[in-house]
Amino acid sequence: MKTNLLTTVAVASTCIFVGCSNPEPEQQDKLDQTPLMTEQSNEAPLWLEEVEGEQALTKVNQWNETTLEKLMADKRYQQYFDAGLEIVNSKDKIPYGTYRGGFVYNFWQDEDNVRGMLRRTTLEEYAKAQPKWEDLLSIDNLAALEEKNWVYKGSTCFEGNYDRCLISLSDGGKDSVEIREWDHASQTFVDGGFALPEAKTDANWKDINNLNIATNWGEGSLTESGYPYIVKTLKRGQPLTEAKQVFSGEKGDVGVFPFSIKFDDKNLNMLVRARTFYESEYFWLPDDGSEAKQLPLPSKVSLEGVFKGQLVLSLNQQWSPTGSQQTFESGDLVSFDLSHWLQKQQIKNLQLIYHPDERSTVDGVSISANKVVLTLLENVKSNLYLYDFDTKWSHIKLAMPENGSMSVSSVNQDSDIIFVNQESFVAPDTLFKVDVKSITITEIKSIPARFDASDIVVEQFQATSKDGEKIPYFVVRQKDIKYDGSNPTLQYAYGGFQVSLKPSYSGILGKNWLEQGGVYVLANIRGGGEFGPNWHQAGLKTKRQVIYDDMIAVGEDIIAKKITSPENLGIMGGSNGGLLMGVMYTQRPDLWNAVVCQVPLLDMLRYHKLLAGASWVGEYGSPDIPNEREFLEKISPLHNIDPKGDYPSILFVTSTKDDRVHPGHARKMAYLLENYGHDFEYYENIDGGHSASANLRETAKRTALEYTFLSQKLMD
């Protein structure tokens, strides 16, 4: 299932920071200094937070063994596993790629490349049904050679010479990475090249011989969220100890991260200081080494890039710039003359690019050589628009086939060739090559159907939430179902961090659920980004109950329509969606019969002390602020379990290697449910990171366990 869990948090289009690693010394100190809970039945011991502690893993292995024995004994498990493995290992998947410097780069995984192969081909060759690929780096071979559990986490290549790249490698799927300099031309790691040890590192090319780096520089160099707040410049050949500091934030920040933006024929070195999860300051680092200069931007803004001299910004708050008579609204896309600001530090020629209505929002901003491509969500349906600038902004709608969700999967400012992916609940992915200058649209890749959708229909409805807000949701079902409340139904949602859930194609969902007679419901509840920043901000901090009311409203609506009934209704969600599952479990246990709770947050009174948790205070509120703690105590799943309550069965899915959302959340909730005698299942993958899947085989296993559990509870 293609969903955006709490996987990455974009503070700018060119600067992305993700979760944190296993407890660094500073974070471990917090754990060590916190008094241990007793082992009374109404408390969960903190030894469950010791990620690889012997006592914790002994308990985890006991739970795993019990759950695996129960679920894998079901004949459907093997059926679901085989179907899932065939889909994830299929050779006819679309080899999604990024077009850079005349080559299309792709990272490929299948049964022969379990960890994956980094490879490339020409644009002309890529358009063929069977391209000839140049293999660059086998992660399987590297892992075997070095006897390491390497997981590929991406690369950052030097513009103008895309052969030189910073390759990020993770041990077992953690967010913490080791970074090495790689040369595509020679297909080797650079002898004596840049090499950065494992940490939560963000490195960006300043030029071919210098990097701007934010990393763990030693004691006291990480924020309370576990991210770096000091940026240094490292010259080729220098040890890290000799790197020169160029900027420092504060320990109370979320973090500080370097990036660059393309401007004319050069890159401007920038950095973003994330004061909170949603409030940031942007700085320009002049080439002459002088002090960083802050851009006069509002705190809730995303910097999208530069187009024809205009700096493009997405606003997440109302903005009345100093010295201007204009007021822009939250959700607006605006621009101003960057050259003038660089010279005078004054904003000039401030213009509105796009203003959304109540049911639309900017879903993506992509900048090519001669066009800005806006992906808009209009009532949770995608459309693409091409924008141009010549003293004023103008636009046209791109005439793409109307068929569900669209996203720009590759774009760069050296070319007008972009790749656009299109999909829906029932239509498999199709990849288009689009020349946005000539407006030429060519279908170049597609995948065959993974399941029989010939009798599947998709409908969009609205439920009325407790406060009267209309909440859209999709129902995907077989067209001849009976409206008698008997249909096994899976309701999915996320509801946080301005993440939008859109119609998408999932072969595993189709094969292992829809084909089996299951109904799928996707709920676009508040907290997400489907209708812009205001839709998200409606559920921030102590206002968060509206998110949970929305989820309940959708469940009640599909029951009222007799699509399903509480006995046949299950729910699923991961990460922030895992918190949603925990709240639904405790607040409305009567409404569902099965809950799949993936990589969840569940202890909302300690979440800010675990791994990257402190960075999410802007979303959830702080347990250290009395009124916010009071609210968190009311919704925290771990603290709202009734020992004598009547609850649905719940399956926890997490990962030991998840260094973003601590596995201790799921462990502690399972511990209490066990003590209370409530029904639960538990599966913790020893590897896999926040996705809980280190490789494709593990993905097939995890999803097979989930659908077996749902089948037992909702179909039997």
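The accessible surface of the chain comes to about 27400 Å², with 45% of that area belonging to carbon and sulfur atoms, and the areas were computed by the Shrake-Rupley method with a 1.4 Å probe, where for residues only the protein chains shown count as cover. I should say early that this is a predicted model, in which local features need pLDDT of at least 70 and side-chain atom pairs count only at pLDDT 80 or more, while totals for chains, interfaces and linings use all residues. Residues are numbered from 1 along each chain as its sequence is written, and side-chain values use heavy atoms, with hydrogens and water left out.

Of the 716 residues, 61% count as buried, meaning under 20% relative accessible area with a 1.4 Å probe and protein chains only. The radius of gyration, taken over C-alpha atoms, is 25 Å, which agrees with the value near 27 Å that a compact globule of 716 residues would have, the rule being 2.2 Å times the number of residues to the power 0.38. Along its principal axes, the C-alpha trace spans about 70 × 60 × 55 Å.

Turning to secondary structure, the chain has 14 helices and 39 strands, which are DSSP runs numbered from the N terminus (helices H or I, at least four residues; strands E, at least two). Let me take one pair: strand E26, residues 382–390, runs antiparallel to strand E27, residues 392–397, over 6 bridges, where pairing requires that DSSP finds at least two bridges. Within this pair, Tyr-387 stands opposite His-395 in E27, and the two strands form a hairpin with 1 residue between them, Thr-391 in the turn having a positive phi of about 70°.

How values were computed:
Buried means under 20% relative accessible area, exposed over 50%, partly exposed in between (1.4 Å probe, protein chains only).
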